[in-house]
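Hello,

I hope your week is going well. As promised, I am passing the model on to you, and my notes on it follow below.

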Amino acid sequence: MDMLLNPLNRRHRLRCDIPVMPGAFPLVGHLPAIVCDLPRLLQRAERTLGSHFWLDFGPAGHLMTCVDPDAFSLLKHKDVSSALIEEIAPELLGGTLVALDGGAHRQARDAIKAAFLPKGLTQAGIGDLFAPVIQARVQAWRARGEVTILRETGDLMLKLIFSLMGIPAQDLPGWHRKYRQLLQLIVAPPVDLPGLPLRRGRAARDWIDAQLRRFVRDARAHAARTGLINDMVSAFDRSDGPLSDDVLIANIRLLLLAGHDTTASTMAWIVIELARQPVLWDALVEEAQRVGAVPTRHADLAQCPVAEALFRETLRLHPATTLLPRRALQELQLGQRRIPAGTHLCIPLLHFSTSALLHEAPDQFRLARWLLRTEPIRPVDMLQFGTGPHVCIGYHLVWLEMVQFCIALALTMHKAGVRPQLLSDVEKGRRYYPTAHPSMKIRIGFS
């Protein structure tokens with residue numbers, strides 16, 4: 001941790017009477033520690049500064065970070081805005097659901113949410129669409145015997161998302177290339193010159209948006225077709241009040257982004273946990289054999305409690321989204337502090353996901369905390385998807401994908417008499433921001 005903090009910046013100072021975490025570097029602030037070792041950074045800040053402190057996010061500025069459990073309530077507070085997200089990443093997230101508030105958010109969300117509910121996903125045949133794609137990919141892993149897991153789950157998620165859009169197989173390489181260029185906007189310096197990431201990322205975004213407009217036109221021309229994109233367009237066109245197609249395009253692009261990176265990370269962690277804990281693999285195989293086939297409807301997921309518990313516990317212990325930015329619109333009481341209006345806030349989901357105040361033995365991977373529970377799933381149990389008005393619209397889609405993946409993996413590998421084996425150091429090379437994921441180099445063997 002000490003190597004990730006600036007040894008020349010050790011002076012303790014206050015900002016709005018709240019301590020600033022020492023160790024920030026010029027220009028990049030605390031980003032090296034946030035990216036490479038966020039858990040220990042939060043622990044050190046809480047131990048030395050208390051429950052409220054400022055972290056320096058470099059180009060994104062200072063965000064007041066609160067590890068008091070009251071901070072979770074900010075996600076549904078009427079005087080807290082998500083517009084800061086668009087200011088931090090305007091090129092990627094401008095105009096999307098995650099950055100809108102109030103009436104604009106409700107109108108855009110209501111226009112498309114029906115397509116993402118279990119009924120809508122079942123009617124669109126999403127489970128039937130995904131099952132053979134997932135099975136084919138895990139069969140390829142079995143044949144190869146060894147894979148770089150995050151790269152493979154990332155490619156699988158892109159193929160699933162592209163299949164939602166009806167992209168022909170011969171067009172997939174071009175989409176992959178443009179998508180990789182689009183992701184450069186996350187870290188692109190604000191310099192718009194030929195050949196630099198900002199220019200390439202903007203060009204890729206414009207290309208993707210043009211293709212999405214073509215999909216929208218095609219969906220309107222063939223309104224009788226089924227599928228998620230057709231259902232989104234149909235629901236959007238039936239919505240109350242005028243909405244421009246730019247809103248629809250931005251949120252289909254958000255589906256492409258959110259459905260890939262975060263879901264691929266969770267999928268990779270599931271395989272890693274199965275590899276390092278044989279008892280989990282045995283329990284999953286037993287369930288998969290009992291079920292006998294990959295489920296395709298949400299109604300079938302109740303038959304797979306072990307697979308669902310794997311998904312939920314992996315997401316709890318390895319949250320793909322670790323921090324959420326917000327802005328206080330009015331003065332707030334947060335824990336024992338008064339927070340001035342206009343304060344930029346950081347809600348540390350990673351801290352709450354592994355907090356002893358919220359979870360028994362939080363550092364342990366326990367399926368029993370889900371399998372033996374008698375109460376319904378609470379908002380805090382799915383905090384990685386947010387809560388309140390901004391709860392992730394793709395929650396049910398991800399739930400279906402993850403259970404399908406777990407059952408397909410168990411059936412395929414057990415039939416071949418193999419199981420996942422960890423071939424790399426899990427802790428080396430982990431990343432926590434802007435989204436979290438295991439190292440790109442972690443390899444899994446099947447033997």
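In what sense do strand 11 and strand 12 pair, and over how many bridges? Before the answer, please keep in mind that this is a predicted model. Strand 11, residues 420-422, pairs with strand 12 in the antiparallel sense, and three bridges hold the pairing. Within it, proline 420 stands opposite phenylalanine 446 of strand 12.

Strand 12, which covers residues 443-446, has another partner in strand 6, residues 146-148. These two run antiparallel as well, joined by three bridges. Here valine 147 has isoleucine 444 of strand 12 as its bridge partner.

Phenylalanine 446 also leads into the core, since it is one of the contacts of leucine 409. With neighbours within four places in sequence set aside, leucine 409 is in contact with Val138, Trp141, Val271, Leu274 and Trp281 too. Leu409 belongs to the largest nonpolar core, a set of 107 residues, and together with Met232 and Leu284 it has the most contacts inside that core. Helix 17, residues 395-415, provides the largest share of this core with 14 residues. Another core lies apart from it; this one has 21 residues, including Met64, Leu324, Leu334 and Phe352. As general background, nonpolar side chains tend to be buried together in soluble globular proteins.

Helix 17 also holds a residue of another kind, glutamine 404. Is glutamine 404 buried or exposed? Its relative accessible area is 0%, so glutamine 404 counts as buried. Beyond its neighbours within four places in sequence, glutamine 404 is in contact with Gly127, Phe130, Ala131 and Ile134, and also with Val294, Pro295 and Thr296.

Met232, named above for its contacts in the core, is among the buried residues of helix 10, residues 228-238. The others there are Leu228, Ile229, Asn230, Val233, Ala235 and Phe236. Which helices do the buried residues of helix 10 pack against? They pack against helix 5 (118-123), helix 6 (126-144), helix 7 (149-164), helix 9 (197-221) and helix 11 (245-258).

Next comes strand 7, residues 324-328, where five of the five residues are buried. Leu324, Arg326 and Ala328 point one way, while Pro325 and Arg327 point the other way. That fits the general pattern, in which the side chains of a regular strand alternate between the two faces of the sheet. Note that the buried set takes in both Arg326 and Arg327. Strand 7 pairs with strand 10, residues 344-347, in the antiparallel sense over four bridges, and proline 325 stands opposite cysteine 346 there. Strand 5, residues 80-81, is joined to strand 7 by two bridges, again antiparallel; in that pairing, serine 81 has arginine 327 as its bridge partner.

Cys346 turns up again among the contacts of phenylalanine 57. Phenylalanine 57 sits in the loop between strand 3 (52-56) and strand 4 (62-66). Why does this loop residue count as buried? Phenylalanine 57 has a relative accessibility of 3%, and buried means under 20%. Not counting residues up to four places away in sequence, phenylalanine 57 touches Val28, Leu31, Ile34, Leu63, Leu323 and Tyr433 as well as Cys346.

Finally, the empty space. The second largest pocket holds about 600 Å³ and is lined by 28 residues. Pro39, Gln43, Leu350, Thr354 and Asp363 are the ones nearest its centre. Helix 1 gives the most to this lining, with six residues; helix 1 (31-49), helix 12 (261-276) and helix 15 (349-353) each supply at least two. By class, the lining comes to 13 nonpolar, seven polar and eight charged residues.

There are also two cavities of 30 Å³ or more. The largest has about 40 Å³ of space, and its lining is made up of Phe311, Arg312, Leu315, Arg316, Asp381, Met382, Gln384 and Phe385. Four of these lining residues are nonpolar, one is polar and three are charged. The second largest cavity also has about 40 Å³. Asn9, Arg11, Arg13, Val20, Met21, Pro22 and Ala24 line the second largest cavity, giving four nonpolar, one polar and two charged residues.

Do write back if you would like to go through any of this together.

Warm wishes

Conventions: Residues are numbered from 1 along each chain as its sequence is written. This is a predicted model: local features need pLDDT of at least 70, side-chain atom pairs count only at pLDDT 80 or more; totals for chains, interfaces and linings use all residues. Side-chain values use heavy atoms; hydrogens and water are left out. On a 1 Å grid over the protein atoms alone, a cavity is a set of points where a 1.4 Å probe fits but cannot get out, and a pocket is an open set with protein on both sides within 12 Å along at least five of seven lines; lining residues have an atom within 4 Å of a point. Grid points are joined across faces, edges and corners, and a volume is the space filled by probe spheres set on the points. Ala, Val, Leu, Ile, Met, Phe, Trp, Tyr, Cys and Pro count as nonpolar, Asp, Glu, Lys and Arg as charged, and the others, Gly among them, as polar. Two strands pair if DSSP finds at least two bridges between them. A nonpolar core is a set of buried Ala, Val, Leu, Ile, Met, Phe, Trp, Tyr and Cys residues joined through side-chain atoms within 4.5 Å. Buried means under 20% relative accessible area, exposed over 50%, partly exposed in between (1.4 Å probe, protein chains only). Contact means heavy atoms within 4.5 Å.
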